[in-house]
Amino acid sequence: MVNSPHEAMHRIFQEYPGLFTGVSKVLGLPFIQPTSVTVLPTDLTEIQPVERRVDTLLRFDGAEPMLLAVEAQSAKDPNKPASWAYYLSFLYAKYKIPPVLLVVCQDRATAEWAAQPVSIGPRWWAALTVHPLVAGPHNMPLITDPEEARADLALATLSAITHAKDPDVSGILKALSTALQDVPEAVADPIIEFTAQGLSGNRRAAELWRNLVAVDLSFYKSYIAEEIRDEGRGEGREEGRAEALVQRGAEDILLVLEARGLDVPDEIRERIAGCDDPDLLRRWLTRAVTAPSAEEIFTDAGEDA
């Protein structure tokens, strides 16, 4: 079953495609900055009734075009290398562009397992070798300087997520919350949300983040930050309060779209204002930060525009 940390570990690359630039520097890769990045469909299903779906898929266009498949991995799984081999072969056959697999982990044992090349074929001949890139607590930086966090908020968020079980995660979270004090609310809200999702599997780290949001970021009024603060204080969600937060969530989405100079037709404005699903509004708000058009917040959230 997909959980929130799983979603956060790969979806952050969808919302912040430039994050791979920071990750590639950390991993020491000669990655050339692309001229554009496209979020591609993740469904790799063929005609056969077997569904195969990569977590996140990005296309980088530029001097060296490439595909980036991002997989969130929470534990060792002996069946995964075969699936990864299928993903890479299928993607290369379909797009004719070199694919790269990035596996994001939250514990060192899983990360070290995922980093091992897996050869497929008889003992005497490796017909295919799966060699993933891995981002995890063993190689992601401990970003505890607010200035460093402010320079790359997405990388700082990934640092917090991958180090959720680290005793020093409090320093990372404090640096991130401090950095967010100086950025626009529309930029801070998705970061707050991704961090909360990514830490939800670790009670200590999740509580630390809730407390920091309640104290350091108390001036933010978006429904996402309000929800985290309410959870941290253990407050109940009354019906009237829920309705107010939903309304504010819709207002935040429209504010972000308008601030980015995107055209928001009346039908889209009405659809956003008429939505009463907090989870759907949250996804729309996250997409609103980077979507190329107002219509795309529905498409990329799995909705028909």
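1. Start with Thr 38. Its bridge partner in strand 2 is Arg 59. That pair belongs to a longer contact: strand 1 (36-39) and strand 2 (residues 56-61) run antiparallel to each other, joined over four bridges. Keep in mind as you look around that this is a predicted model.

2. Stay with Arg 59 for a moment. What does Arg 59 form with Asp 61? A salt bridge, with the closest N and O atoms 3.0 Å apart. Arg 59 has a relative accessible area of 27%. Buried would need under 20% and exposed over 50%, so Arg 59 ends up in between, as partly exposed.

3. Now follow strand 2 to its next neighbour. Strand 2 and strand 3 pair in the antiparallel sense, this time over five bridges. Look for Thr 56 and you'll find its bridge partner, Val 70, in strand 3. The two strands make a hairpin, and four residues sit between them. As for cover, five of the six residues in strand 2 are buried, so the strand is mostly covered.

4. Strand 3 (residues 66-73) also pairs with strand 4. Parallel or antiparallel? Parallel, over seven bridges. Strand 4 covers residues 99-105, and five of its seven residues are buried. A handy thing to remember while you trace these strands: in a regular strand, side chains alternate between the two faces of the sheet.

5. Glu 71 is a good residue to click on. Its bridge partner in strand 4 is Val 103. The side chain of Glu 71 also meets that of Lys 80 in a salt bridge, at 3.0 Å from N to O. Are these two residues buried or exposed? Both Glu 71 and Lys 80 are buried.

6. Next, the salt bridges as a whole. How many does a search of the whole structure find? The answer is 10. One of them joins the side chains of Glu 15 and Arg 11, with 3.8 Å from N to O. A salt bridge here needs the nitrogen within 4 Å of the oxygen, so 3.8 Å counts.

7. Why are Glu 15 and Arg 11 about one helical turn apart? Because they are four residues apart in helix 1 (residues 4-15). Glu 15 has a relative accessible area of 2%, so it is buried. Arg 11 is buried too, at 11%. The story has a third member: Arg 11, Glu 15 and Arg 287 are linked in a network of salt bridges.

8. Ile 12 is also in helix 1. With 0% relative accessibility, Ile 12 counts as buried. Try finding Thr 56 from there: the two are 44 residues apart in sequence, yet their C-alpha atoms are 9.2 Å apart in space. Thr 56 is the residue whose bridge partner in strand 3 is Val 70.

9. Pro 34 makes a similar point. Look for it in the loop between helix 2 (19-26) and strand 1. A loop residue can still be covered: Pro 34 has a relative accessible area of 14%, so it is buried. Ala 63 is 29 residues away from Pro 34 in sequence, with 6.9 Å between the C-alpha atoms.

10. One more pair of this kind involves Ala 109, which lies in helix 4 (residues 108-114). Ala 109 and Pro 137 are separated by 28 residues in sequence and by 9.6 Å in space, C-alpha to C-alpha. Ala 109 is at 42% relative accessibility, so it counts as partly exposed.

11. Have a look at the backbone of Lys 96. Its phi is near 60°, a positive value in a residue other than glycine. Where is Lys 96? In the loop between helix 3 (80-95) and strand 4. Its relative accessible area is 61%, so Lys 96 is exposed.

12. Last stop, the surface. Which residues form a negative patch there? Asp 263, Asp 266, Glu 267, Glu 270 and Glu 295. Asp 263 is in the loop between helix 11 (239-259) and helix 12 (266-273). Its relative accessibility is 59%, and since exposed means over 50%, Asp 263 counts as exposed.

Key:
Residues numbered from 1 in each chain as written. Predicted model: local features only at pLDDT ≥ 70, side-chain atom pairs only at ≥ 80, totals over all residues. Heavy atoms only, no water. Patch = residues over 30% accessible without salt bridge, like charges linked within 9 Å, V, L, I, M, F, W, Y side chains within 5 Å. Areas by Shrake-Rupley, 256 points an atom, 1.4 Å probe, with all protein chains shown as cover. Lys, Arg positive; Asp, Glu negative; His and termini not counted. Charge placed at Lys NZ, Arg CZ, Asp CG, Glu CD. Buried < 20%, exposed > 50% of the residue type's maximum accessible area, 1.4 Å probe, protein only. Pairing = 2+ DSSP bridges.
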